[in-house]
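Here are my notes for you to read alongside the model. Have the sequence and the 3D view open, and take the points one at a time.

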Amino acid sequence: MPVTTQKLIQWKQAGRSIVALTAWDYAIARILDEAGVDLILVGDSLAMVALGHATTLPVTIDEMLHHTAAVRRGTKEAFVVADLPFLSYQESPAQAIHSAGRFLKEAGAQAVKLEGGYPAMVETVSQLVLAGIPVMGHVGLTPQSVNRLGYKQQGRTRDDAQRILQEAIALDDAGAFAIVLEHIPTDLAARITEKLSIPTIGIGAGPHCNGQVLVTADVLGLSAQKPPFAKSYANLHGIITQAVRDFSGEVRQHQFPE
Ligand code: KIV
Ligand code: NA
């Protein structure tokens with residue numbers, strides 16, 4: 001049975017942890033979906049892990065649509081969320097509806113994610129929701145703001161923690177169906193998780209969130225560098241290198257094909 005926003009919210013109430021991972025193409029999406037991942041995020045981290053950019057900022061809507069459509073074709077059960085790329089939604093609610101609508105209409109995404117919980121963004125979220133577009137929030141470390149904030153942990157001071165808590169509550173009130181909490185202290189993530197009616201999906205936010213998300217390239221050992229809070233469960237870089245060396249050796253020694 002396909003995952004829905006209603007189920008994700010029920011799972012929070014039932015204490016069932018939500019498993020989320022990123023994907024950027026058909027092959028990866030198919031593996032994640034068949035392995036039973038609940039939510040697949042076409043994260044704009046694909047700018048770095050699939051396209052070789054230094055940050056998430058350069059990726060375009062058309063590039064994100066191209067990857068999202070491929071992920072959707074590889075997914076049967078998981079809920080597919082697409083990241084709205086930098087400056088495709090910050091201008092106005094109208095711009096956000098236009099951009100988000102393309103992800104649902106042209107690429108088959110079931111929801112979008114956007115960064116920030118400041119008042120103008122909360123208004124944008126409520127307008128997207130009213131237009132029929134499910135929205136996942138994202139507060140704490142927001143990588144599209146790297147030029148202003150860097151990649152450091154957010155919410156360390158009492159005031160900053162209070163601000164992030166208020167942003168999360170406002171996004172919940174605006175109708176977001178879930179919220180990513182990135183790189184904030186464990187106790188702050190626990191407080192937010194307790195206060196919200198919607199599930200929190202943590203990344204570098206400790207064990208008390210309602211679910212966890214990681215960048216799949218980090219999980220698989222494929223990324224050039226991973227953040228301190230990520231964990232690798234495989235070394236695909238090593239496995240692929242060995243396979244390529246084995247193939248090269250057999251070709252050069254005329255052992256393949258037989
Ligand atoms: O782009 C991404 O991969 C993300 C996750 C880290 C939440 O936004
Ligand atoms: Na992202």
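**Notes on the barrel and its ligand**

I201 sits across from G211, which belongs to strand 8. Helices (H or I, at least four residues) and strands (E, at least two) are DSSP runs, numbered from the N terminus.

1. First, the ground rules. This is a predicted model, in which local features need pLDDT of at least 70 and side-chain atom pairs count only at pLDDT 80 or more, while totals for chains, interfaces and linings use all residues. Residues are numbered from 1 along each chain as its sequence is written, and chains are lettered from A and ligands numbered from 1 in the order in which they are written.

2. Now the overall fold. Eight strands make a closed barrel in the order 1-2-3-4-5-6-7-8, and the pairing is parallel. Two strands count as paired if DSSP finds at least two bridges between them. On average, neighbouring strands of this sheet are turned by 25 degrees against each other, direction ignored. (Axes are lines fitted to C-alpha atoms, for helices over the stretch in contact, and angles run from 0 to 180 degrees between N-to-C directions.)

3. Where does strand 1 pair with strand 8? Strand 1 (residues 18-22) and strand 8 run parallel and are joined by four bridges. V19 is opposite Q212 of strand 8, and A20 has V213 as its bridge partner there. Strand 1 also runs parallel to strand 2 (residues 39-42), with three bridges between them; T22 faces L41 in that pairing. Four of the five residues of strand 1 are buried. "Buried" means that 20 or more other C-beta atoms lie within 10 Å of the residue's own (exposed is 12 or fewer, partly exposed is in between, and C-beta atoms are placed from the backbone).

4. Back to the pair we opened with. Strand 7 (residues 200-203) and strand 8 (residues 211-214) run parallel and are joined by two bridges. Besides I201, look at G202, which stands opposite Q212 of strand 8. Q212 also lies opposite V19 of the strand 1 pairing, a nice spot to trace by eye.

5. Strand 6 is worth a slow look. How many of its residues are buried? Five of five. A178, V180 and E182 are buried on one side, I179 and L181 on the other, so both faces are covered. Strand 6 pairs in the parallel sense with strand 5 over five bridges, and V139 is opposite L181 there. Four bridges link strand 6 to strand 7, again parallel; I179 has T200 of strand 7 as its bridge partner.

6. Next, helix 8 (residues 158-174). Its 17 residues should span 24 Å at 1.5 Å a residue, and the end C-alpha atoms are 24 Å apart, so the two agree. (The expected span is 1.5 Å times one less than the number of residues.) Its buried residues are I164, E167, A168, A170, L171, D172 and A174. An α-helix has 3.6 residues a turn, so residues three or four places apart point the same way. Among the elements covering the buried residues of helix 8 are helix 6 (119-130), strand 5 (135-140), strand 6 and helix 9. Just past the end of helix 8, G175 has a positive phi of about 105 degrees.

7. F177 follows in the loop between helix 8 and strand 6. Is F177 buried or exposed? It is buried, because 21 other C-beta atoms lie within 10 Å. Leaving aside neighbours within four places in sequence, F177 is in contact with T5, L8, I9, A111, P134, V135, M136 and I198. Contact here means that the C-beta atoms of two residues, placed from the backbone, lie within 7 Å.

8. Helix 9 (residues 186-195) lies across strand 6 (178-182) and strand 7, at about 165 degrees to strand 7.

9. A217 is in helix 10 (residues 216-219). A217 counts as buried because 25 other C-beta atoms lie within 10 Å. A217 and A50 are 167 residues apart in sequence, yet 8.8 Å apart in space, C-alpha to C-alpha. Neighbours within four places aside, A217 is in contact with V49, L222 and S223.

10. Finally, what surrounds ligand 1? T22, L41, G43, D44, S45, D83, V180, I203, V213 and V215 do. A residue is near a molecule if its C-beta atom, placed from the backbone, lies within 6 Å of it. This shell has five nonpolar, three polar and two charged residues. (Ala, Val, Leu, Ile, Met, Phe, Trp, Tyr, Cys and Pro count as nonpolar, Asp, Glu, Lys and Arg as charged, and the others, Gly among them, as polar.)
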